[in-house]
Amino acid sequence: MYDRKNNVLVDATKHHLDVIENLNPACPACNNYKHTLTLEKFRIELSKQVERAMNSCNFRLALKYKQIIINQSPIVFYFEKMQNECT
Ligand SMILES: [Zn+2]
């Protein structure tokens, strides 16, 4: 869920718990795309983006001429990286 006031990503399932532990910084584009998805559903949707982009002839052409490199690494959000580094 997009919290415009604080410009943060809010877990919609935990919105009733409007506490700092449930807030994670996110850019407006990610906030908009996530909308009401849970964090795990958002991660799944993000993982489908390359497959969706393959419908674009521009994307396929850029891939063919190696202007794009597909990276299939797991999607780890910034706050997860920070949590892992701090533990
Ligand atoms: Zn973002």
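These are legends for five views of one predicted protein model.

**View 1. The whole protein chain, from strands to helices.** Residue numbers start at 1 in each chain and follow the sequence as written. Because the model is predicted, local features need pLDDT of at least 70 and side-chain atom pairs count only at pLDDT 80 or more, while totals for chains, interfaces and linings use all residues. Five helices and three strands make up the elements here; helices are DSSP runs of H or I with at least four residues, strands are runs of E with at least two, and both are numbered from the N terminus. Reading from the N terminus, you pass β-β-β-α-α-α-α-α. Just 6% of the 87 residues count as buried, meaning that 20 or more other C-beta atoms lie within 10 Å of a residue's own; exposed means 12 or fewer, partly exposed is in between, and the C-beta atoms are placed from the backbone. Take the contacts between residues at least 6 apart in sequence: 37% of them join residues at least 24 apart. A contact here is two C-beta atoms, placed from the backbone, within 7 Å.

**View 2. How confident the predictor is along the protein chain.** The score is pLDDT, the predictor's confidence in each residue, from 0 to 100. Its mean over the protein chain is 84, with 77% of residues at 70 or more. Strand β1 (residues 2-3) has the lowest mean of the elements, 64, and α4 has the highest, 98.

**View 3. Helix α4 and the loop that follows it.** Helix α4 covers residues 57-64, and zero of its eight residues are buried, so it lies largely in the open. Just after α4 comes Lys-66, in the loop between α4 and α5 (78-86). Lys-66 isn't a glycine, yet its phi is positive, at about 55°. Most residues other than glycine have a negative phi. Lys-66 is also exposed, with 7 other C-beta atoms within 10 Å.

**View 4. His-35 and Phe-42, around the α1–α2 loop.** His-35 sits in the loop between α1 (28-34) and α2 (39-47). His-35 has a positive phi too, near 45°, and is not a glycine. With 11 C-beta neighbours inside 10 Å, His-35 is exposed. Now look at Phe-42, in helix α2: Phe-42 is buried, because 21 other C-beta atoms lie within 10 Å. Setting aside neighbours within four places in sequence, Phe-42 touches Lys-34 and Leu-37 in the contact sense. Cys-30 is 12 residues from Phe-42 along the chain, and their C-alpha atoms are separated by 9.3 Å.

**View 5. Tyr-78 of helix α5, with Ala-26.** Tyr-78 belongs to helix α5. Tyr-78 counts as exposed, with 12 C-beta neighbours inside 10 Å. Along the sequence, Tyr-78 and Ala-26 are 52 residues apart, but in space the C-alpha to C-alpha distance is 8.8 Å.
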